[in-house]
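Reader: Could you take me through the aromatic ring pairs in this model, and then the nonpolar core? I would enjoy a close look.

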Amino acid sequence: MKSRSKVKYYKLSGEDDGYVDAQFIKPPPKVPLKAICLAAVLFSVGTILLVVGSLLFTGHFNVKYADRTYPLLILGSLMFIPGFYHVRLAYYAWKGYKGYSYDDIPDFD
């Protein structure tokens, strides 16, 4: 099975000073799509849980068991915070803001 590499090779110059200009060229960033999708799911589900939990807490929904409010708020917060953080990193990297790149987002591969 033959695998093709996307690495470009450059011919070295005759005078060898130990450095080649090609080694300082930064490769294009790899977009971690799985991590961004997971962050979007965490952000969405966390937002829904926070909204439902806060509506239960404020009494907008008739609650038979009021002890279910706090787990919704805690679980929603635990999902919302990392989801929002990584979605924000992905958005800033996509827009090209200085200091943000896709390398800041952990990848599953």
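Author: Happily; here are the ring pairs, followed by the core. This is a predicted model, in which local features need pLDDT of at least 70 and side-chain atom pairs count only at pLDDT 80 or more, while totals for chains, interfaces and linings use all residues. Residues are numbered from 1 along each chain as its sequence is written, and side-chain values use heavy atoms, with hydrogens and water left out.

Rings of Phe, Tyr and Trp (its six-membered ring) pair if their centres lie within 6.5 Å; planes under 30 degrees apart count as stacked, over 60 as edge-to-face and the rest as tilted. By this rule there are 8 aromatic pairs. One of them joins Phe80 and Phe84, stacked at 5.8 Å centre to centre with 10° between the planes. These two sit 4 residues apart in helix H2, so about one helical turn separates them; helices are DSSP runs (H or I, at least four residues), numbered from the N terminus. Phe80 is partly exposed at 24% relative accessibility, as is Phe84 at 41%; buried means under 20% relative accessible area, exposed over 50%, and partly exposed in between (1.4 Å probe, protein chains only).

Tyr91 and Tyr92 make a tilted pair, 6.0 Å centre to centre and 50° between the planes. Both belong to a cluster that ring pairs build with Trp94, Tyr97 and Tyr100.

Now the core: the largest nonpolar one holds Ala35, Leu89, Ala90, Ala93, Tyr102 and Ile105, and helix H2 (residues 69-95) gives its largest share, 3 residues. Such a core is a set of buried Ala, Val, Leu, Ile, Met, Phe, Trp, Tyr and Cys residues joined through side-chain atoms within 4.5 Å.
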